[in-house]
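The following exercises concern packing and strand pairing in a protein model. Each task is followed by a solution that proceeds step by step.

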Amino acid sequence: MDAETVYINGGQIYKSDSVKSVVANYTYNPDGDPLFKFSKNVSEEYPEGKKYIFTREFKDYFPMDADREGIDVSSYDLCPDVDLWIALGAKSETETKDYDLFFAVQSVAELKAVANYYKLPYPITSEVENLITNSPNTIHFWRLENLYVVPAGIQYRNGVPTLLKLYTYPTTIPGWKTWMLGNSYTDGGEVYESGGIYHQLTGGQGKDGYVMRGSANYQRAESITSKIGDKTSVKYNFTKTDNGGDPVIMWEAEETDIASGEKRIRHYESTKMFREVIGKLSSGNNLESYDLSPDVDFWLGRSYYDNTDEAELYFVATSSEQVKKVSEHYKLPVPYNDNLKNKLDNDPESLRVRHYDMLGLGEGNFVPVVAGGIVFKDNIAVKIKLYEFTREAS
Amino acid sequence: MAYGFEAKNDSGKVIINDTIENLHFVGKATFLSSSSGYGDFPGYGGSNDTLDGRVIHYFKLISQGTPVVFIKPNDYNRWHGQVRQYIQAGYVPQSGEDSNTEEWRFDIMMSGTSTSNPPDIYCFINAHHMDYIQNTDTHGMIVFKSDGVTKTFDSRRQPLAITGGGTASAPPSDPTNSSGTPGTSSGHSWNYSSNDHDFRSSNRYTAHSDSAANTSTAMFSCPSMAQAVYKRQMHGYKQSCGYGVGCQDHHSTAAWWVMYRQAFRLRSGNFDSGWTNYAAGYSFSSSFESGGWFGGGGGSYSTGSMPYTAKTINLQSNAFIIADSSRYD
């Protein structure tokens, strides 16, 4: 799915970028406004880069920010039909020639009024109009209380308005931003489980039934869900050590049979070697009770259910050759196809669970850890898996 | 002293008269059991994991009065200290015992983790509390208080003979071998959890020259007053950002803490006042603002919690007494 699609001139696509290409155009600015900690990179179009300087009225929606100053944009030619101006996009806040003025589109009528006021082509089709009117939560960028902010921008060049752009950010689940997507593959690359981690800004409020992340204005509810085929839905829940949760893998999976509604819990347990890497913890075991492939150097952990012999052992997948040997050990087909094989061998970052300091060399030397899985039933290996996690960030 | 008997030592100090309560040997405490631990940080397996360790030996004594305890090490290389003395509730005096008889309990700490070679505990009480124990000796000398009834000295009851002692200076305020007390530092990489502080106490003591100190029969009495708790804490951090969804902060905290009690060691010609670790713990937490199938959200782990914030308390000089245990065997 595209991370950003920008429309101009009656539905013409101005740009439509994947996450990676969007990220490539921006640089993270740790000192930037927490509303958007990125600056547009220097390019032919933006020879001095572009910063995003937010307005006072927009920042008023984020009352817990330490820096709430914002700028006054009243000196610019502002369309009176706009209810909420968001930001100035320019090399500096004193720029008067080449800049963008961003505002929140709250209705189709408002967007049309802006086009008329600046005498610019109306940017969207009726299809996108429908989204603005009926489901802005599927294309929004920020969420303010009950307002899903769909931004639009008036581009100025040499002090003249030249373009009206509508920015959309398609979501997989309405109202939720995708942080991370996850798949597991088996039997030559067949998708076994597919899901994602989704966030929703809550404006500093808690949200019942969800784990909260972040703080203050940027507190987000988190939802981790997946499906195993079309028969099982999975919800991943946070567990606490105090309640018997694992010290490193603090999750359990609530698996629901979609047809019957029956639920069962999959518990997770990290290995001793993984705990040592993560926190120099000395507890745990290294799955010695299982038939362990000699081609695995590092076991991450296992998952299991209560009252069954079904379990899955997780290991660090280091190459397609290693996974092949593991598969041969258990006399099972490899879990990858050519595409996954290529990623595993040449771009393991694109599959990684996370970067970890596996070698104990400290910051800057973390390595991407790719996970494989071996499913056991009645102590017999029945399936080999390879996991893929993709992120909004690169 | 208006009248009666008075004995002075070579320095002219009174050691026996009708007002000074002399101590008399009531017996050796009975060894009950031992527990050991903290030879390393519980739950931790990285660098600087080793601690001195400690054994707690548990003893009891049936006695009247309030016993004064002398520790006679059976391994003079190890540090010893009395960390607890209390009356065990519910003791019912046996036939022939006075109703004031109590069951006293003593917890004696010893450095190391091996429970072998527990010390012998010699106990002394005032002379007038000794009467509940029958004595048929018909010769000797008893000194009474002016009331003519209460004994201050009874030569038949193995009075304590002090062979050495003085004032034991407090041990060094910092009980840890590493230079300086440990503290908190930030800026480490996420999940960094390698302890860089040597929490052992083997070279943290104050020596006192005393000719009565030996490693064969000498025993000592000195209260273990000083305590300390110190902690090393490391904060790790990493941030990753995603366009449109903000940034993920990754935080980690690793902390090692040790509680110490004052302990003592007899060497030939020296009485040392130092430290032994009494308890210890390790805690680790790792979190990030989103989850995943592995390590999602982060976890935490801890073994125990610090009894109080990092500091040294009760650091003061104490009187110590050395005696020869062989007199009472």
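**Exercise 1.** Which residues of helix α6 (residues 320-329) of chain A are buried? Determine also how they are arranged about the helix axis.

*Solution.* The model is a predicted one. Taking buried to mean under 20% relative accessible area, one obtains Ser320(A), Gln322(A), Val323(A), Val326(A) and Ser327(A). Viewed down the axis of α6(A), these buried residues fall within an arc of 160 degrees, so they line one face of the helix. Their packing partners in chain A are β19 (311-316), α7 (338-346), β22 (371-377) and β23 (380-391). After α6(A) comes Lys331(A), with a positive phi near 55 degrees.

**Exercise 2.** Why is strand β5 (residues 54-63) of chain B described as largely enclosed? Identify the strands paired with β5(B).

*Solution.* Seven of the 10 residues of β5(B) are buried, so the rest of the structure largely encloses this strand. Strand β4 (residues 30-37) of chain B runs antiparallel to β5(B) and is joined to it by seven bridges; in this pairing, Phe31(B) has Phe59(B) as its bridge partner. With strand β8 (residues 102-111) of chain B, β5(B) forms 10 bridges, also in the antiparallel sense. There, Ser63(B) lies opposite Glu102(B).

**Exercise 3.** Which residues have the most contacts inside the largest nonpolar core?

*Solution.* The largest nonpolar core comprises 70 residues, and those with the most contacts inside it are Trp299(A), Tyr330(A), Ile374(A) and Phe41(B). Leaving aside residues up to four places away in sequence, Trp299(A) touches several residues, including Met273(A), Phe274(A), Leu313(A), Tyr330(A) and Ile374(A). A second, separate core has 31 residues, among them Leu88(A), Leu101(A), Tyr122(A) and Ile154(A).

Notes: Residues are numbered from 1 along each chain as its sequence is written. Chains are lettered from A and ligands numbered from 1 in the order in which they are written. This is a predicted model: local features need pLDDT of at least 70, side-chain atom pairs count only at pLDDT 80 or more; totals for chains, interfaces and linings use all residues. Side-chain values use heavy atoms; hydrogens and water are left out. A nonpolar core is a set of buried Ala, Val, Leu, Ile, Met, Phe, Trp, Tyr and Cys residues joined through side-chain atoms within 4.5 Å. Buried means under 20% relative accessible area, exposed over 50%, partly exposed in between (1.4 Å probe, protein chains only). Contact means heavy atoms within 4.5 Å. Helices (H or I, at least four residues) and strands (E, at least two) are DSSP runs, numbered from the N terminus. Two strands pair if DSSP finds at least two bridges between them. The arc is that of the directions from the helix axis to the C-beta atoms.
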